[in-house]
Amino acid sequence: MDSRILEIFSCIKQCAITLQELLQCDDSGYLASTNASGDTQLAVDVRADRILEDALLKLACVGGVCSEEKSSALYKQKVDSSLVESTFLQLDSSQSLESSLLIAYDPLDGSSLFDSNLSVGSIFGIYNGAFSASALVAAAYIVYGPRLEVVLACERVEHCVYSGGQWRSKGALQLESKGKLNAPGGTQKHWSKEHKELVESLFAKGYRLRYSGGMVPDLHQILCKKGGLFSYPATSDAPNGKLRKLFEVFPFAFIYERAGGEAINGRERLLSLSCDGLHDSTPCFLGSTEEIAQVRAIYMNKER
Ligand code: AHG
Ligand code: MN
Ligand code: MN
């Protein structure tokens, strides 16, 4: 594996321990501020964002970062590595550091679950030179649950657990062609007719509802149980879905594909989609191959 990616994975494991300690605090309060997507920020969202920004930008192989909690990306400049803020998806080559990687991260995913003490996570997409799906070279997430775990994906999807003060590998995560779990996101009142049909047909086939409202634990559960479907569709109140491409959808699409599953927007592969802005969102369906075939059958039929 590229030594730069190994270095970033090792930094993510170290940050996971620090962030787990941060989350042990009893501060579930909201701030007065909102992020670029209009979500009210928690104090822990902002503190987690800062911890990750500082740690990742210290790595020589990292040329820039963007996150859910920042309106602009921060890029290191070629001349002296000083930081420049930009809403562009890459710096032009005369300004950008050569052979450096860019990291898009969601510092705290599922932060609305934090006050009720449910599992939350952090998500990372590692991009080569530009924030775009075609430049994604690795992805990772952290799960803060009863145990601290990380999942690191490059060629394979490695599952690690923190135990007795050490990270231990639990081996590779691999999906089977079909599972039993259904995790349907979004407000039901705003679902389309096709989406209701999809969800009902899965329940009619015996799928079980497993949905916490946190993308990380919901997708992690499907990976650990080897199959199922997670969806966050287009809804009447959010026609582009809610989940953001660069730091939520693309990293998990990469992880699911590497684990033998598929990830689509209803018709197209998520990793073939373009991205025009740092905070763009998309409808998304991630799962094992048989469930994704059912999504295609219903959503492609809608187009006819
Ligand atoms: P975040 O806390 O980073 O804003 O992300 C929350 C996401 C995701 O974890 C989850 O799948 C989805 O929001 C749930 O959203 P709604 O409860 O608004 O449907
Ligand atoms: Mn999130
Ligand atoms: Mn978040």
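**Close-up views of a predicted model**

**View 1. Manganese ligand 2 and its donors.** Along the chain, the residues that hold the manganese ion (ligand 2) are spaced as D-x2-D-x138-E. This is a predicted model, and in it those protein donors are Asp106 (OD), Asp109 (OD) and Glu248 (OE), at 1.9 to 2.1 Å from the ion. A second manganese ion, ligand 3, sits 3.8 Å from ligand 2, and Asp106 coordinates both. Are these donors buried or exposed? Asp106 is buried at 0% relative accessibility, Asp109 is buried at 5%, and Glu248 is buried at 0%.

**View 2. A salt bridge at a metal donor.** Glu248, one of the donors of ligand 2, also forms a salt bridge with Arg244. Their closest N and O atoms are 3.0 Å apart. Arg244 has a relative accessible area of 5%, so this residue counts as buried, the cut-off being under 20%.

**View 3. The open sheet.** Here we have nine strands, running in the order 5-4-3-6-7-8-9-10-11 with mixed pairing. The edges are strand 5 (83–86) and strand 11 (166–172), each of which pairs on one side only. From one strand to the next, the twist averages 20°. Zoom in on strand 3 (residues 62–67) and strand 4 (residues 73–76), and you'll find them paired in the antiparallel sense over two bridges. Gly64 has Tyr75 in strand 4 as its bridge partner.

**View 4. A salt bridge between two strands of the sheet.** Glu149 and Lys170 meet through their side chains, N to O, at 3.9 Å. Glu149 belongs to strand 9 (residues 148–153) and Lys170 to strand 11, so the pair ties together parts 21 residues apart in sequence. Glu149 is buried, at 4% relative accessibility, whereas Lys170 is partly exposed, at 47%.

**View 5. A helix linked to a strand.** Arg296 and Glu262 form a salt bridge, with their closest N and O atoms 2.9 Å apart. The pair links distant parts of the chain, with Arg296 in helix 6 (residues 289–303) and Glu262 in strand 15 (residues 262–264), 34 residues apart. Arg296 is partly exposed at 27% relative accessibility, and Glu262 is partly exposed at 23%.

**View 6. A salt-bridge network.** Asp49, Arg50, Glu53, Asp54 and Lys70 are linked by salt bridges into a network. Across the whole structure, a search turns up 15 salt bridges.

**View 7. A nonpolar patch on the surface.** Phe203, Leu209 and Tyr211 make a nonpolar surface patch of about 270 Å². Leu209 is found in strand 13 (residues 208–209) and is partly exposed, at 49% relative accessibility.

Notes
Residues numbered from 1 in each chain as written. Chains lettered and ligands numbered in written order. Predicted model: local features only at pLDDT ≥ 70, side-chain atom pairs only at ≥ 80, totals over all residues. Heavy atoms only, no water. Donors = N, O, S within 2.8 Å, 3.2 Å for Na, K, Ca; no water. Buried < 20%, exposed > 50% of the residue type's maximum accessible area, 1.4 Å probe, protein only. Patch = residues over 30% accessible without salt bridge, like charges linked within 9 Å, V, L, I, M, F, W, Y side chains within 5 Å. Areas by Shrake-Rupley, 256 points an atom, 1.4 Å probe, with all protein chains shown as cover. Salt bridge = Lys/Arg side-chain N within 4 Å of Asp/Glu carboxyl O. Helix = DSSP H or I, 4+ residues; strand = E, 2+ residues; numbered from the N terminus. Pairing = 2+ DSSP bridges. Axes fitted to C-alpha atoms, helices over the stretch in contact; angles between N-to-C directions.
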